[in-house]
Amino acid sequence: MAVTASASTLLLASQSMAFEQKIAVVNVQEAINQIPQSAALMQALEAEFKGEKAVIEQLQKDLTFEDENLKRNGSLMSEKETKQLQEKMTKLYQQYQVKVKEFQQKVAQRKNVETNKLFALVTQVVDNIAAKEKYDLVLSKQAIVFSKPALNITSKVVEQVSKLK
């Protein structure tokens with residue numbers, strides 16, 4: 001009987017402690033997507049890689065031109081000319097593939113670096129909000145199945161990060 005009473009007391013105590021905790025939920029990815037710094041990041045990356053993108057687009061145009069040339073004039077070309085054009089196209093395609101792969105890797109790497117900076121900024125703001133509003137626990141929206149909308153502080157995070165430069 002004493003064991004049941006002390007178990008009930010512990011259960012009630014833990015329930016009341018759970019109600020005393022102030023909990024918030026934040027969708028970090030949504031916050032990153034909504035802040036103006038993300039749009040600025042995308043514009044900066046676009047400008048940074050504009051030249052490399054133009055080179056790739058030119059290679060693609062050259063390939064298309066040579067392919068159309070082969071289709072259009074292939075029957076009129078000698079075997080040697082056809083072979084030379086095919087070799088030229090093969091080299092162009094190899095260059096194109098190398099450039100595209102390098103471009104994608106560079107863009108992904110730079111985007112990851114910059115996104116990590118935005119993540120750190122959002123995390124810092126979440127920490128500030130948690131300290132200011134005395135939250136005991138801030139959970140990631142992606143880690144939970146359900147929460148009351150009132151617990152979601154994502155809009156506060158977006159608002160405060162948007163004020164930063």
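**Close-ups of a predicted model**

**View 1. Glu-114, a buried acid in a predicted model.** Glu-114 comes out at 16% relative accessibility, so it falls under the 20% cut-off and counts as buried. Its partner Arg-110 is partly exposed, at 28%. The two form a salt bridge, with the closest N and O atoms 2.9 Å apart. Both sit in helix H5, four residues apart, or about one turn of the helix. Glu-114 also meets Lys-117 in a salt bridge, at 3.3 Å from N to O. Lys-117 and Glu-114 are three residues apart in H5, again about one helical turn. Zoom out a little and Glu-48 joins Arg-110, Glu-114 and Lys-117 in a network of salt bridges.

**View 2. Glu-52 and Lys-106 link two helices.** Here the closest N and O atoms of the salt bridge are 3.4 Å apart. Glu-52 belongs to helix H4 and Lys-106 to helix H5, so the pair ties together parts 54 residues apart in sequence. Glu-52 is partly exposed at 30% relative accessible area, and Lys-106 is partly exposed too, at 38%.

**View 3. The buried residues of H4 pack against H5.** They are Ile-56, Leu-59, Leu-63, Glu-66, Asn-69 and Leu-70. H4 itself has 24 residues and reaches 34 Å from first C-alpha to last, close to the 34 Å expected.

**View 4. Val-157 in the largest nonpolar core.** This core has 28 residues, and Val-122, Ile-153, Val-157 and Val-161 touch the most other members. H5 gives the most to it, with eleven residues. Leaving aside residues up to four places away in sequence, Val-157 touches Val-26, Ala-31, Val-122, Val-125, Val-126 and Ile-129.

Key: Residues numbered from 1 in each chain as written. Predicted model: local features only at pLDDT ≥ 70, side-chain atom pairs only at ≥ 80, totals over all residues. Heavy atoms only, no water. Core = buried A, V, L, I, M, F, W, Y, C linked by side-chain atoms within 4.5 Å. Buried < 20%, exposed > 50% of the residue type's maximum accessible area, 1.4 Å probe, protein only. Contact = heavy atoms within 4.5 Å. Expected span 1.5 Å × (residues − 1). Salt bridge = Lys/Arg side-chain N within 4 Å of Asp/Glu carboxyl O.
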